[in-house]
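This report introduces a protein to a reader who has not met it before. Please view the sequence and the structure together before reading on.

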Amino acid sequence: MHEGADKIRLGPGHGRIVVPFWKSHKKYSAGTWDDRLDGLFSCGVNYSGKTILDVGCNMGIVAYEIAKRRPAYIHGIDVLKPHTRVARSIFLGSNVESRFDTMSLGSRKLQSVLNDRYDIVLLLAVYQHVRRGLGQEEADRIFIDIINRTQTIVARVPDEDDIRLQSLIEGAGFTLSHRSKSPRGSAVLAYHRH
């Protein structure tokens, strides 16, 4: 393959080159799917029969792996439309009821999309992206609202020294029930509120 072969050329008169989203989207978190799944099934959380919100669901691969544990419902939200399209496609072959919405967590429509309650909320390496994009105050407001919709949270934090998300979760009355470190250095944290 010659250099630039992965670029898509438009027909005559368009005069521009379109780079596929997976080549142009800046990556903030490295790792394979195995890295992303590490710790999710050994954290003491039972996904079976539960309603789950996956915040920053990406292409739905994590949600699909969780679907193998037979939850009642999975709701994914991601800011990139190509990601949610892939997630919807993957779930066409699943018996688990699902919904995948494309939107920024800063959208005014978020409240109308979220359910009042979820059994489990997944916050997998997403808080730092929202904070970077919307600022600390707005990110905190959004995540406090999401946190208050559940009794169980599974979070992946890329840097355990940045304790802001953990502080929000613990400040809402959650107790850390499990912690594991992935080979790439992130931590999976499971929290429960009784």
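A crossing of two helices is called right-handed if the near helix is turned clockwise from the far one by less than a right angle, and left-handed if it is turned anticlockwise. In this predicted model, α7 passes α8 in a right-handed crossing. The contact involves Q136, D140, F143, I144 and I147 on the α7 side, and R164, L165, L168 and I169 on the α8 side. Sorted by class, these residues comprise 6 nonpolar, 1 polar and 2 charged.

Helix α7 spans residues 136-147 and helix α8 spans residues 164-171; their axes come within 10 Å and cross at roughly 40°. The two helices are therefore oblique to each other, since an angle of this kind falls outside the ranges for roughly parallel (under 35 degrees), roughly perpendicular (65 to 115) and roughly antiparallel (over 145).

The protein as a whole contains 8 helices and 9 strands. Of its 194 residues, 43% count as buried. The exposed surface is about 10,800 Å², of which carbon and sulfur atoms supply 50%. Among contacts between residues at least 6 apart in sequence, 62% join residues at least 24 apart.

Two loop residues other than glycine have a positive phi, and they are set out below.

| Residue | Phi | Loop | Relative accessibility |
|---|---|---|---|
| N58 | near 60° | between β3 (51-55) and α3 (61-67) | 18%, buried |
| R70 | about 60° | between α3 and β4 (73-78) | 66%, exposed |

N58 thus counts as buried, whereas R70 is exposed.

Key:
Residues are numbered from 1 along each chain as its sequence is written. This is a predicted model: local features need pLDDT of at least 70, side-chain atom pairs count only at pLDDT 80 or more; totals for chains, interfaces and linings use all residues. Side-chain values use heavy atoms; hydrogens and water are left out. Helices (H or I, at least four residues) and strands (E, at least two) are DSSP runs, numbered from the N terminus. Buried means under 20% relative accessible area, exposed over 50%, partly exposed in between (1.4 Å probe, protein chains only). Contact means heavy atoms within 4.5 Å. Accessible areas come from the Shrake-Rupley method with a 1.4 Å probe; for residues, only the protein chains shown count as cover. Axes are lines fitted to C-alpha atoms, for helices over the stretch in contact, and angles run from 0 to 180 degrees between N-to-C directions. Ala, Val, Leu, Ile, Met, Phe, Trp, Tyr, Cys and Pro count as nonpolar, Asp, Glu, Lys and Arg as charged, and the others, Gly among them, as polar.
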